[in-house]
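Ready for some practice in reading a protein fold? Have a look at the model below, then work through the exercises one step at a time.

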Amino acid sequence: VALASGPTSICSNAAFALSTSGYAVGSTISYQWQFLNTSNVWTNIAGETRPTYINNTGITATTQYRMLTICSSNTSQSISNTVTVALGAGLAPGVYTIDNNAQSTSTNFINFKTATAALSCGVTGAVTFNVNPASGPYTEQVVVGKIPGASAVNRIRFNGNGAVVQSETAQGDPGVFTFRGAKYVKVDSFTIRSLSDNQWVYGVRFVDTCRYDSLTRCFIDIRSIQSVNFSNTCGIMLSSNWNNVQNEPGSCAYTYVGQNHILGTNGEGGPYYRIVSGTNYAQNVNSDTAITIDGNEIENFNWGGIYSFSNNGVKIINNDIHRTNKSGAMNFYGIYCWDGWNNINNNSSGNIEIVGNRIHDPANATVNNAVGTFYGIYTNSNYYNNNTNVDNGHTLIANNVIYNVQGTTNSGVVYGILFGNN
């Protein structure tokens, strides 16, 4: 007789999965999931004829489930135990697992969709998800949204342990892994891989008023991008150019991006940028605030390494930015900061620290790979500042190393550090 298992409580309309073990197998064996309807009659669930049942729409009331195992050769059937799924007030504090090779239980989730669905109705304490390093790959777009109850005490952590999350992306939802209004969430040690070669590929996105989040020790693999013309592509995007459900201006704040490796293709093309923070499109949005980009290796971008728009209190420190193994690249912008845009509306913008970065090797020097103009560090910190209060922030550039540039530019124009409109 099959043994069914799954979560004992979920939030309303949240996706969940039920699994079975110990079920019979064979050419004459089939399966059928059922639920107990409001008339107390067991009813077949259309199309659910596999040992694992995934409910993508969720429930609005406590519901009971079971699975039939049917043998066509003798018309016999066996019935699993009954699993009762109730509506919960929030995910209990503790350690959970994500493992698509194991059964769905009250403490194990078989994919990220069900894990994040469990978070959507809130937490009652600190929650950690440990991904089994032998599991995966997980071919799905992951979205971590607003989590009721998350706080400086009730933090949420995803330990990837090297597991692979991969997905195709498109214009309406371009992120492989997205923080959408998430707060106090840490994502650590994943391989996050794009499977698309189009105009809309972001490895990781932070959007819609994210606060106190961090992304650490991840390998962001966006080698799928081969075109030289896809300007809306990047490894990590922290964007205030996003409206939340109340249509209020959104921004990211107190976000840490550190010790990640972002890799593009060695050949022509690739992601236009590596890390982008802020927006240069909307003058009425709030500035991204207190963003720290620390200790990342940023490799083989097509145009810009780190691109910062209209941010307040951004720290770009200890990063390794290069295209050592890349051929056929465009101009090289190591670190490019356009700040001061929001000063049109008298919002503060600036206070930039660019410290301890290594910027080098704009192209593979062993072949004929000369690039255009080289900009090591380029700041434009009062760009489009049309008001009289132009001293809204300060820029500190210190202890950066720029090297291995000679002989890699076809224009002969090299700017180590360039200040414009400051």
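**Exercise 1.** Find the residue that stands opposite leucine 263.

*Solution.* Start at leucine 263: its opposite number is glutamate 299, in strand 28. Keep in mind that this model is predicted. Next, look at the strands themselves: strand 25 covers residues 261-263 and strand 28 covers residues 297-299. These two pair in the parallel sense, over three bridges.

**Exercise 2.** Place this pair in its sheet and work out why strand 13 and strand 37 each have one side without a neighbour.

*Solution.* First, recall that strands of a sheet pair through backbone hydrogen bonds, in either a parallel or an antiparallel way. Second, write down the order: 13-16-19-22-25-28-31-34-37, nine strands in an open sheet with parallel pairing. Third, check the edges: strand 13 (138-139) and strand 37 (401-403) stand there with a single partner strand each, so one side of each has no neighbour in the sheet.

**Exercise 3.** Describe the make-up of the whole protein and its nonpolar cores.

*Solution.* Begin with the elements: there are 38 strands and one helix. Then turn to burial: 54% of the 422 residues count as buried, which here takes a relative accessible area under 20%. Now find the largest nonpolar core, with 61 residues; Phe129, Ile156, Phe158, Phe206 and Ile236 have the most contacts inside it. Helix 1 (residues 112-119) gives this core its largest share, four residues. Finally, look for another core lying apart from it: this one has 14 residues, including Ala4, Ile59, Val83 and Val85.

Notes. Residues are numbered from 1 along each chain as its sequence is written. This is a predicted model: local features need pLDDT of at least 70, side-chain atom pairs count only at pLDDT 80 or more; totals for chains, interfaces and linings use all residues. Side-chain values use heavy atoms; hydrogens and water are left out. Two strands pair if DSSP finds at least two bridges between them. Buried means under 20% relative accessible area, exposed over 50%, partly exposed in between (1.4 Å probe, protein chains only). A nonpolar core is a set of buried Ala, Val, Leu, Ile, Met, Phe, Trp, Tyr and Cys residues joined through side-chain atoms within 4.5 Å.
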